[in-house]
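Student: I'd like to learn how to read a model like this one, feature by feature. Can we go through it together?
Tutor: Sure, let's put it on screen and start with a single residue.

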Amino acid sequence: MKKIVIIAMGLVASATALAQDKVEATIAADFVSQYVWRGLDCGNVSVQPTLGVAYKGFCLSAWGSVGFKSEDTKEFDLTASYTTGGLTVAVTDYWFDDPEPRYFYYNAHSTSHVFEASVAYDFGLLSAAWYTNFAGNEGWTASGKRPYSSYVEVNAPFRLATCEWTGTVGAVPYTSPYYDTSGFAVTNIALKASKDIKITDTFAIPLFAQVIANPSSQKAYFVVGFTLQP
C-alpha cells in the first residue's frame, strides 16, 4: 500500500518529484524485511515493485507487494494523483487476492478492492495527509453502514549524520473495522533513516531502516530494506 509511494509517507514527496514539464517514468522495486503499513503488520519479507508515469503534476502509478511466504496476501494498487505547489490530491484502488481472488469482481460486500481518496500538503519542514476509504470492501459498522475509515499522518524530514531521516506520527480519527480501532487511536509512530550505498561511480543502492510502533495494538517493528531503480 504506498511507494512511487503514493500512499502513506511518500504521497507528497514522490508525487512532487514527478511533477515535471515533460513526461517522466519511474521503474523501481523495494525489498523489505517485513511489510508494515500505517503501523499494521501486512506481511513478511516482500518485494514491492513500482511503475509510474507523470506529466505536469498528473501522475499514474502501479504498486504491488508479493511476500516470500505463500501465506502472504498479494497486493496490487493503482493510484491517480495531481500535484500543484505543495498540494496533492489522489485516488487509490487497493486490491488484495484475499478474500476474493478475482480482480474484476466489485461486489461491495465481497470484493477485494478498497477505494481511497486522499489530500496532502507539503509545508516544507513537514507534510500532512488525510486518507479516507469511500468504496469497496473495508468492513461495515454494527448497523451495516459504511464506516468511511480514515487515517491522518504527519511527516517531518530532516538530515542527520549523513543520513536522510523522516519522523512520522499517524492516527485513525474514529472507529474503523479496517484499522481495527474502536475510536480515536494513534496507530503509527515511526522513525526512518535512509542512505545511498555507493556500488560504482555511477550506481548506488538506497538502503533504509525504520523503527515503527503502534500504540493502539501494542506492537512494534524494525524494518530494513533497499531499493533498486535504474
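Student: Leaving aside neighbours within four places in sequence, which residues is Ser112 in contact with?
Tutor: Past those four places, Ser112 touches Tyr94, Trp95, Phe96, Asp98, Pro99 and Glu100. Keep in mind that this is a predicted model.

Student: Where does Ser112 lie, and is it buried or exposed?
Tutor: Ser112 sits in the loop between β7 and β8. The cut-off for buried is under 20% relative accessible area. Ser112 counts as buried because its relative accessibility is 3%.

Student: What does the side chain of Ser112 reach?
Tutor: The backbone nitrogen of Glu100, at 2.8 Å. Glu100 has another partner too: its side chain and that of Arg102 are joined by a polar contact of 2.8 Å.

Student: Let's follow Arg102, then. Where is Arg102 found?
Tutor: In the loop between β7 (87–96) and β8 (113–122). For distances across a loop, look at C-alpha atoms: Arg102 and His113 are 11 residues apart along the chain, and their C-alpha atoms are separated by 9.9 Å.

Student: Is Arg102 buried, partly exposed or exposed?
Tutor: Exposed would take over 50%. Arg102 has 48% relative accessibility, so Arg102 counts as partly exposed.

Student: What about peptide bonds? Which form does the one from Asp98 to Pro99 take, cis or trans?
Tutor: Read omega for that. From Asp98 to Pro99 omega is near 10 degrees, and the bond is cis. Pro99 also has its place in the loop between β7 and β8.

Student: Now the overall fold. How many strands make up the closed barrel, and in what order do they run?
Tutor: Follow the pairing from strand to strand. There are 12, in the order β1-β4-β5-β6-β7-β8-β9-β10-β11-β12-β13-β14, and the barrel is closed with antiparallel pairing. From one strand to the next, the twist averages 20 degrees.

Student: How many bridges join β8 to β9?
Tutor: There are 9, and β8 runs antiparallel to β9 (residues 127–136). To find the register, pick a residue and look across: Tyr121 stands opposite Ala128 in β9.

Student: And how do β10 and β11 pair?
Tutor: In the antiparallel sense again, over 9 bridges, with β10 covering residues 150–160 and β11 covering residues 163–172. Pro157 has Thr166 in β11 as its bridge partner. The two strands form a hairpin with 2 residues between them, and Ala161 in the turn has a positive phi of about 55 degrees.

Student: What does β11 pair with on going further along the barrel?
Tutor: With β12 (residues 185–198), antiparallel and over 9 bridges. There, Ala171 stands opposite Val186 in β12.

Student: You mentioned a positive phi. What is the phi of Asp180, and where is the residue placed?
Tutor: Its phi is about 60 degrees, positive although Asp180 is not a glycine. Asp180 is in the loop between β11 and β12, and a relative accessible area of 68% makes the residue exposed. Gln218 is another case: phi is near 65 degrees, in a residue other than glycine. The place of Gln218 is the loop between β13 (204–214) and β14 (219–228), and at 70% relative accessibility Gln218 counts as exposed.

Student: Which side chain does Gln34 make a polar contact with?
Tutor: That of Asp41, at 3.4 Å. Gln34 is found in the loop between β1 (24–32) and β2 (35–37). Beyond four places in sequence, its contacts are Asp41, Gly43, Asn44, Val45, Tyr221 and Val223.

Student: How many disulfides are there?
Tutor: The test is a pair of cysteine sulfur atoms within 2.5 Å, and the count comes to 0. As for cysteine exposure, Cys42 is partly exposed at 24% relative accessibility, whereas Cys59 is buried at 4%.

Student: Last one: what is the average pLDDT, and where does pLDDT stay under 50?
Tutor: The chain average is 91, and 91% of the residues score at least 70. Residues 2–18 are where pLDDT stays under 50, and the model has 66 contacts beyond four places in sequence for that stretch.

How values were computed
Residues numbered from 1 in each chain as written. Predicted model: local features only at pLDDT ≥ 70, side-chain atom pairs only at ≥ 80, totals over all residues. Heavy atoms only, no water. Buried < 20%, exposed > 50% of the residue type's maximum accessible area, 1.4 Å probe, protein only. Helix = DSSP H or I, 4+ residues; strand = E, 2+ residues; numbered from the N terminus. Polar contact = N/O pair within 3.5 Å; in protein donor to acceptor, adjacent residues only side chain to side chain. Pairing = 2+ DSSP bridges. Contact = heavy atoms within 4.5 Å. Axes fitted to C-alpha atoms, helices over the stretch in contact; angles between N-to-C directions. pLDDT = per-residue confidence, 0-100.
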